[in-house]
Amino acid sequence: MVVYFGGGMSGFHFVTLLFVCLLAIHETNTGTMTDEEQDAVQLFDDIVQDYDKRLRPNYGSGEPVIDTVQVYVASFDDIAEADMSYSFSIYLRQTWEDPRLAYDSSRLLAPSSYLVDKIWQPDLMFGNERQAAFHDVTKSNKVVYITPNGTVWYTARLSLTLHCEMDFHKFPMDEQKCAVDVESFQYTVKDLVFQWTEDEPAEFNKGHLKLPQYNLRNYDTKNCTKRLSTGVYTCIGITFTLDRELGYYLLQTYIPSVLLIILSWVSFWIDIKASPARVALGITSVLTMITTLNGVREDLPHVSYIKAIDVWFAMCLMFVVGSLIEYAIVHYLSSNKLQLWHNRSPSKVKKAEKYSGECCVSLTIVDRDRSRAGSMSKSLQASNGTLANSDAISLHSTSPLGEEGKIWIRGNCARKPEAIYDTGKKIDYFCRIAFPIAFILFNLGYWCYYKLW
């Protein structure tokens, strides 16, 4: 682009004129600010003009900087039992004095994030921190307010994931104590000391702070100052007490397992001869109980001690497996014994003179015409029971008909098959009462121990 200057105006004069116009525009814009605004803008520059943020306040005086800390809990985001950690968002508030930042009380300095990176800040860190992040949407969530006497109020919003030492002995009726440890990384107690604000160290709104499985009951403060080989470092902590809500586990674990146990008791009302139904019911109950237990364990760390949920499932498995074993015993008594009874061979027949009336069957044959025809009479002795059936009798003669005219036969004088079958039914009837009573007693002991302990 080529500019032609006419009328004797040179290029130097044109540049000078342009500079004067720009200066006039700048003075016009500056003139729109009030005196207070101009003074506040100037104060931002004056307050850090001869300031060196590399040195702490009162450096060389021998007095440590007292940093008063307060946290506002905005939300609990997650509590992970498997990782033994919890995440939450907080507003971190700190207050300390820096005489180098004092200014005339007649001047006004508004809260701003402009001075955050231009002044000294305590090297606060979280001792049990795993992950941490500041928020910068839509602008950096940090602000500094400095009073005329040099008191600094610093607030920052951040999200934290902290380690929590959890105890699962009473899971899922447990309570967890999760701490926030605030300490210094660089300065010893000779240079920096942390302390909680006296009024309310941790601030939160119970009405809006909702947790899926926990209830935030209260909190306690502590002093965790650490003595290391490099010196003594300031440390303060706050411990949140979280009570686990039992409703989720009642619906997902306890009530289904109780129904499974009751379902396994149905086999006591099924006929002994219905083997497929009773075996399928017992095995299905066992497998379902094991699957439920594995589902609960997936969300928990692998600890070596016994938890309350382990005791519950162990006893539930005992009841379910017990009903299956009970049927195995009943089936053995009512099936195998009957088969042995029917397959039993009659005892060998001996001569009549060798028996003293202990045989249960006595046959007397009268041989009138020296032929095989004759009459037969039976005598049964009550002491050995009753004759079961004719199929169980086998005649064996070891002596001729002429000897005393009698043949002694030992038959099966055991109980009838119906008697053995009735024994299995009696066992089923006993278990119908014994299993529910035992389960009720176990529940009384279980809930009283873990809820009152």
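Colleague: How many salt bridges does a search of the whole structure find?

Modeller: The search returns 15 salt bridges. The model is a predicted one, which applies to every pair discussed below.

Colleague: How should I read a single pair, for instance Arg-244 with Glu-81?

Modeller: Take the distance, then the place in the fold, then the burial. The closest N and O atoms of Arg-244 and Glu-81 are 2.8 Å apart. Arg-244 belongs to strand β13 (residues 235–244), while Glu-81 sits in the loop between β1 (65–80) and β2 (85–97), so the salt bridge ties together parts that are 163 residues apart in sequence.

Colleague: Are Arg-244 and Glu-81 buried or exposed?

Modeller: The cut-off for buried is under 20% relative accessible area. Arg-244, with 8%, is buried, and Glu-81 counts as buried at 10%.

Colleague: With which residue does Asp-52 form a salt bridge?

Modeller: The partner is Arg-54, and the closest N and O atoms lie 2.9 Å apart. Asp-52 is partly exposed, since its relative accessible area is 26%. Arg-54 is exposed, at 69%.

Colleague: What does the pair Asp-98 and Arg-100 show?

Modeller: Asp-98 and Arg-100 form a salt bridge whose closest N and O atoms are 3.1 Å apart. Asp-98 counts as buried, with 0% relative accessibility, and Arg-100 as partly exposed, with 34%. Elsewhere, Glu-175, Lys-177, Arg-217 and Asp-243 are joined into one network by salt bridges that share partners.

Colleague: What surrounds a residue such as Thr-161?

Modeller: Start with the element: Thr-161 is part of strand β6 (residues 151–163). Thr-161 counts as buried, because its relative accessibility is 17% and the limit is 20%. Leaving aside residues up to four places away in sequence, Thr-161 touches Ser-85, Tyr-86, Ser-87, Asn-128, Glu-129, Arg-130 and Gln-131. With Ser-87 there is also a polar contact of 2.9 Å between the side chains.

Colleague: Which residues have a positive phi although they are not glycine, and how is that to be read?

Modeller: Most residues other than glycine have a negative phi, and most peptide bonds are trans. Asn-58 departs from the first pattern with a positive phi of about 55°. Asn-58 is in the loop between α2 (35–47) and β1 and is partly exposed, at 31% relative accessible area. Met-84 also has a positive phi of about 55°. Met-84 lies in the loop between β1 and β2 and is buried, at 18%.

Colleague: Which peptide bonds are cis?

Modeller: One cis bond joins Val-137 and Thr-138, with omega about 0°. Thr-138 is in the loop between β4 (129–134) and β5 (142–146). Another cis bond runs from Phe-171 to Pro-172, with omega near 5°; Pro-172 is found in the loop between β6 and β7 (175–184).

Colleague: Which residues make the nonpolar surface patch?

Modeller: Tyr-429, Ile-433, Ile-437, Ile-440, Leu-441 and Leu-444 make the patch, which has an area of about 630 Å². Ile-440 is placed in helix α6 (residues 417–452).

Colleague: What is the mean pLDDT of the protein?

Modeller: The mean is 79, and 74% of the residues reach 70 or more. Residues 1–8 have pLDDT below 50, and this stretch has two contacts in the model beyond near neighbours in sequence.

Colleague: How many contacts beyond four places in sequence does the model have for residues 408–415?

Modeller: There are 37 such contacts for residues 408–415, although pLDDT stays under 50 there.

How values were computed. Residues are numbered from 1 along each chain as its sequence is written. This is a predicted model: local features need pLDDT of at least 70, side-chain atom pairs count only at pLDDT 80 or more; totals for chains, interfaces and linings use all residues. Side-chain values use heavy atoms; hydrogens and water are left out. Helices (H or I, at least four residues) and strands (E, at least two) are DSSP runs, numbered from the N terminus. Buried means under 20% relative accessible area, exposed over 50%, partly exposed in between (1.4 Å probe, protein chains only). A polar contact is a pair of N or O atoms within 3.5 Å; within protein, one must be able to donate a hydrogen and the other to accept it, and residues adjacent in sequence count only if both atoms are side-chain atoms. Contact means heavy atoms within 4.5 Å. pLDDT is the predictor's confidence in each residue, from 0 to 100. Patches are made of residues with over 30% relative accessible area and no salt bridge: like charges are joined within 9 Å, nonpolar side chains (Val, Leu, Ile, Met, Phe, Trp, Tyr) within 5 Å. Accessible areas come from the Shrake-Rupley method with a 1.4 Å probe; for residues, only the protein chains shown count as cover. A salt bridge is a side-chain nitrogen of Lys or Arg within 4 Å of a carboxyl oxygen of Asp or Glu.
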